Amino acid sequence: MTQHCGLVAVLGAPNAGKSTLVNALVGQKVAIVSPKAQTTRTRLLGVAIEGETQILLVDTPGIFEPQRRLDRAMVAAAWGGTEGADLIALVVDAKGGLGPKVVPIVESIAPRPERKFLVLNKVDIADKARLLIHAEKLNAITHFDETFFVSASTGDGLPELKKALAYNMPEGPWHFPEDQVSDATERALAAEVTREQLYLQLHAELPYASTVETEAFQEREDGSVEIRQQILVERPTQRAIVLGKGGSRIKEIGARARAQLNELLDRPVHLYLHVKVKPGWDEDREVYRDIGLDWVD
């Protein structure tokens, strides 16, 4: 059988469900998911397989109006993720509708030559009567080759989307071994898992200004792995929030992140977390390099 392999750029506004969709198509977790918008910060590649076809899914940060350097770097990463794509999949939150963030993205991709799929996500909780109206309005701005109505969280419509993506991938050898699901290093994945727990447990209390750095990632002789991470926040009050009363919050964050990492890395994990106050960390070139973003002026 002839192999096919191609790149799909997954674009959309923040909180459209791009990471949930990529995880669902891959069949396991490769991207962090949280109710907080703009969770994905860097380009992340998920590898999905459909028959003899390998689909390379670039999960990009949500595209929004940037306010500061970190925002500009994330938006640059999103557009950079579309370079060399064989197909662009625009994911739209069908429940949220066509807010002010969606139309500019559609207008930006309109002149591009790649094939384009419109993926209306969250149809399980959307107003069914408005789905076709959304699709018609967006197709009036630019021609989408196909439109799909899916729910990344329940799986509705995903088999049809995956088959269509595979059908549109060019002939060529696979880029990754069959058992590899992401291009993220284990070190980077570990930082993302802890950051996800920060968002899930503190998203209402902790501002966007926090990040996680993996300082040490060492294999032990018994086959387990020791991971030491630093959570960077901007102010002492934020440090207190992350620690919680008597250190209870940081213990819970660590316990849940460790459980996920045990499963993802398929071996025992010893996770040590430290919270550091670093004012202006989002203006530090080294932090950008560590979290996988290009520095932008």
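## Reading helix packing and nonpolar cores

Modeller: In this predicted model, L21, A24 and L25 of helix α1 are in contact with L158, L161, K162 and L165 of helix α5.

Biologist: Which classes of residue make up the contact of α1 with α5?

Modeller: By class, that contact holds 6 nonpolar residues, no polar ones and 1 charged residue.

Biologist: How are two packed helices described?

Modeller: In general, one gives the angle between the two axes together with the distance between those axes. Here the axes of α1 (residues 18-26) and α5 (residues 158-167) come within 11 Å and cross at roughly 80°, which means that α1 is roughly perpendicular to α5.

Biologist: Is α1 largely enclosed or open, and why?

Modeller: Helix α1 is largely enclosed by the rest of the structure, because 7 of its 9 residues are buried. The buried residues of α1 are K18, S19, L21, V22, N23, L25 and V26, and just after this helix G27 takes a positive phi of about 100°.

Biologist: At what angle do α6 and α8 pack, and how far apart are their axes?

Modeller: Helix α6 (residues 186-202) packs with helix α8 (residues 248-265) at an angle of about 140°, and their axes are 9 Å apart. An angle over 145 degrees would count as roughly antiparallel, so α6 is instead described as oblique to α8. The crossing in which α6 passes α8 is right-handed.

Biologist: Which residues of α6 and α8 meet?

Modeller: On the α6 side they include L189, A190, V193 and L198, and on the α8 side they include I253, A257, L261 and L264. Taken by class, the residues of this contact divide into 10 nonpolar, 4 polar and 5 charged.

Biologist: Where do nonpolar side chains tend to be found in soluble globular proteins?

Modeller: As a general tendency in such proteins, nonpolar side chains are buried together. In this model the largest nonpolar core has 28 residues, of which L56, L90, V92, L118, L138 and F144 touch the most other members. At least two residues of this core come from each of the strands β1 (4-12), β2 (44-50), β3 (53-59), β4 (87-93) and β5 (115-121), and likewise from each of the helices α3 (102-109) and α4 (128-141).

Biologist: What is L138 in contact with, leaving aside its neighbours within four places in sequence?

Modeller: With those neighbours left aside, L138 is in contact with V92, L98, V102, V106, L118 and F144. Apart from the largest core lies another core, of 24 residues, among them L57, L87, F117 and L165.

Conventions: Residues are numbered from 1 along each chain as its sequence is written. This is a predicted model: local features need pLDDT of at least 70, side-chain atom pairs count only at pLDDT 80 or more; totals for chains, interfaces and linings use all residues. Side-chain values use heavy atoms; hydrogens and water are left out. Axes are lines fitted to C-alpha atoms, for helices over the stretch in contact, and angles run from 0 to 180 degrees between N-to-C directions. Helices (H or I, at least four residues) and strands (E, at least two) are DSSP runs, numbered from the N terminus. Angles under 35 degrees count as roughly parallel, over 145 as roughly antiparallel, 65 to 115 as roughly perpendicular and the rest as oblique. A crossing is left-handed if the near helix is turned anticlockwise from the far one by less than a right angle, and right-handed if clockwise. Contact means heavy atoms within 4.5 Å. Ala, Val, Leu, Ile, Met, Phe, Trp, Tyr, Cys and Pro count as nonpolar, Asp, Glu, Lys and Arg as charged, and the others, Gly among them, as polar. A nonpolar core is a set of buried Ala, Val, Leu, Ile, Met, Phe, Trp, Tyr and Cys residues joined through side-chain atoms within 4.5 Å. Buried means under 20% relative accessible area, exposed over 50%, partly exposed in between (1.4 Å probe, protein chains only).
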